[in-house]
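Biologist: I am new to this structure and would love a close look at a single part of it. Could you pick one and walk me through it slowly, with the surroundings sketched in as well?

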Amino acid sequence: MSSFSDLDMLYDYEKDVSAAASGYMTFATKASSDEIRHRYVQLANEASKVYEHLSRLIEKSGGTL
């Protein structure tokens, strides 16, 4: 069993957050309801904020994006 470093885990989480933001924006473009579209855009924006925080943590840990 391999062990993950903190940096490995941050990279893995960064990948998931990036996929979530992309998915939410895709759903927003497909939504027929303005309210649902607005909620998906909000979710994408929140995922983008998390991505920014992760980027800083990765850089502080010696990683690069």
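**Where the helices touch**

Modeller: Let's begin with contacts: of those in the chain between residues at least 6 apart in sequence, 62% join residues at least 24 apart. Please keep in mind that this is a predicted model.

Here is the setting. The chain contains 2 helices and 0 strands. Its radius of gyration is 15 Å, well over the 11 Å given by the globule rule for 65 residues, so the chain is more spread out than a compact globule. Along the principal axes, a box of roughly 45 × 25 × 15 Å holds the C-alpha atoms. Of the 65 residues, 18% are buried. The chain exposes about 5,000 Å², with carbon and sulfur atoms supplying 56% of that area. As for charge, there are 7 positive and 10 negative charges, and their mean positions are 7 Å apart.

Now for the close look, which I will centre on the aromatic residues and what surrounds them. Searching the whole structure turns up 2 aromatic pairs. Phe27 and Tyr40 make up a tilted pair, with 5.3 Å from centre to centre and 50° between the planes. Phe27 belongs to helix 1 (residues 6–30) and Tyr40 to helix 2 (residues 34–60), so this pair ties together parts that are 13 residues apart in sequence. Tyr24 joins in too: Tyr24, Phe27 and Tyr40 form one aromatic cluster.

Are the two rings of that pair on show or hidden away? Phe27 is partly exposed, at 44% relative accessibility. Tyr40 is also partly exposed, and its relative accessible area is 25%. Both values fall between the 20% and 50% cut-offs, so neither residue counts as buried or as exposed.

Tyr40 leads us to another residue, Ala28. Leaving out residues up to four places away in sequence, Ala28 touches Tyr40, along with Arg37 and Val41. Ala28 sits in helix 1, and its relative accessible area is 4%, so it counts as buried, the limit being under 20%. You can also look from Ala28 to Leu43: they are 15 residues apart along the chain, with 9.6 Å between their C-alpha atoms.

Arg37 then takes us on to the connection between the helices. Ala31 lies in the loop between helix 1 and helix 2. Once neighbours within four places in sequence are set aside, Ala31 is in contact with Arg37 as well as Ile36. What about its cover? Ala31 has a relative accessible area of 13% and is buried.

For a view elsewhere in helix 1, turn to Val17, which lies in that helix. Val17 counts as buried, at 8% relative accessibility. Apart from neighbours within four places in sequence, its contacts are Ala47, Val50, Tyr51 and Leu54. One further pairing is worth finding on your screen: Val17 and His53 are 36 residues apart in sequence, and their C-alpha atoms are 11 Å apart in space.

To retrace the walk, start at the tilted pair of Phe27 and Tyr40, go from Tyr40 to Ala28, then visit Ala31 in the loop and finish at Val17 in helix 1.

Terms used. Residues numbered from 1 in each chain as written. Predicted model: local features only at pLDDT ≥ 70, side-chain atom pairs only at ≥ 80, totals over all residues. Heavy atoms only, no water. Helix = DSSP H or I, 4+ residues; strand = E, 2+ residues; numbered from the N terminus. Rg over C-alpha atoms; globule rule 2.2 N^0.38 Å. Buried < 20%, exposed > 50% of the residue type's maximum accessible area, 1.4 Å probe, protein only. Contact = heavy atoms within 4.5 Å. Areas by Shrake-Rupley, 256 points an atom, 1.4 Å probe, with all protein chains shown as cover. Lys, Arg positive; Asp, Glu negative; His and termini not counted. Charge placed at Lys NZ, Arg CZ, Asp CG, Glu CD. Phe/Tyr/Trp six-rings, centres within 6.5 Å; stacked < 30°, edge-to-face > 60°.
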